[in-house]
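Subject: Structure handover

Hi,

Here is the structure for you to take over. My notes follow below it.

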Amino acid sequence: MRPVRQETADGPGLIPCWVQSEPAHKLVNLEGIPVLNVAGEASYHRPYSHCTAKWLNQAVVKNYLRESGRRWLAGRNGHQMMSEKNSAGIAKFFMDWLEKNVH
């Protein structure tokens, strides 16, 4: 797949991504399956979670990146969202997303 690292990050506080060289390898078996990519605002994954979304987009996998603290859920959530004080709101978001996107 010949990965290459971006010269610069996509924004402040983010890590440069490893992406595929073009032409990118396609994950055809996942092409029609929606993927939810979630990162807690205070998670150690947050600086590079957008890289997973970018790689999946290159591989023609429809995916949705959501970070807590940005639009969908207030709170500085960490990596283990099921243990957070607002875990009921997080679970509701997941269930609503599943109802809307998975058929």
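Which residues make a nonpolar surface patch of about 300 Å²? They are Ile15, Tyr44 and Tyr48. Patches are built from residues with over 30% relative accessible area and no salt bridge; like charges are joined within 9 Å, and nonpolar side chains (Val, Leu, Ile, Met, Phe, Trp, Tyr) within 5 Å. Tyr48 sits in helix H1. Its relative accessibility is 31%, so Tyr48 counts as partly exposed. The cut-offs here: buried is under 20% relative accessible area, exposed is over 50%, and partly exposed lies in between (1.4 Å probe, protein chains only).

Before you read on, note that this is a predicted model: local features need pLDDT of at least 70, side-chain atom pairs count only at pLDDT 80 or more, and totals for chains, interfaces and linings use all residues. Residues are numbered from 1 along each chain as its sequence is written, and side-chain values use heavy atoms, with hydrogens and water left out.

The overall picture

The protein chain has two helices and four strands. Along the sequence they follow the pattern β-β-β-α-β-α. Helices (H or I, at least four residues) and strands (E, at least two) are DSSP runs, numbered from the N terminus. The C-alpha atoms fill a box of roughly 45 × 35 × 20 Å along the principal axes. Of the 103 residues in the protein chain, 31% are buried. The chain exposes about 6,900 Å², and carbon and sulfur atoms supply 58% of that. Accessible areas come from the Shrake-Rupley method with a 1.4 Å probe; for residues, only the protein chains shown count as cover. Take the contacts between residues at least 6 apart in sequence: 61% of them join residues at least 24 apart. A contact means heavy atoms within 4.5 Å.

The disulfide

A search of the whole structure finds one disulfide (cysteine sulfur atoms within 2.5 Å). Cys17 and Cys51 form it, with their sulfur atoms 2.1 Å apart. The pair links distant parts of the chain, 34 residues apart. Cys17 is in the loop between strand S1 (3-5) and strand S2 (18-20), while Cys51 is in helix H1 (residues 46-58). The angle about the S-S bond is -85 degrees, and the link is left-handed. Are these two cysteines buried or exposed? Cys17 is buried, because its relative accessibility is 0%. Cys51 is buried too, at 12%.

Helix H1

Cys51 has company. The buried residues of H1 are Arg46, Ser49, His50, Cys51, Ala53, Leu56 and Gln58. Just after H1, Val60 takes a positive phi of about 60 degrees.

Asn37 touches this helix as well: Ser49 and Ala53 are among its contacts, not counting residues up to four places away in sequence. The others are Thr52, Tyr64, Leu65 and Arg66. Asn37 is found in strand S3 (residues 35-39). Its relative accessible area is 12%, so Asn37 is buried. A polar atom of the Asn37 side chain lies 3.1 Å from the backbone oxygen of Ser49. By contrast, the C-alpha atoms of Asn37 and Glu84 are separated by 18 Å, with their positions 47 residues apart along the chain.

Salt bridges

How many salt bridges are there? The count is two. A salt bridge is a side-chain nitrogen of Lys or Arg within 4 Å of a carboxyl oxygen of Asp or Glu.

- Asp10 and Lys54 meet through their side chains, at 2.9 Å from N to O. This pair links distant parts of the chain, 44 residues apart: Asp10 is in the loop between S1 and S2, and Lys54 is in helix H1. Asp10 is partly exposed, with a relative accessible area of 41%. Lys54 is partly exposed at 25%.
- Asp96 pairs with Lys92, their closest N and O atoms being 2.7 Å apart. They are four residues apart in helix H2 (residues 87-101), so about one helical turn separates them. Asp96 is partly exposed, at 40% relative accessible area.

To find your way around, start at helix H1. It holds Cys51 of the disulfide, Lys54 of a salt bridge and Tyr48 of the patch.

Best wishes

Note on methods
Polar contact = N/O pair within 3.5 Å; in protein donor to acceptor, adjacent residues only side chain to side chain.
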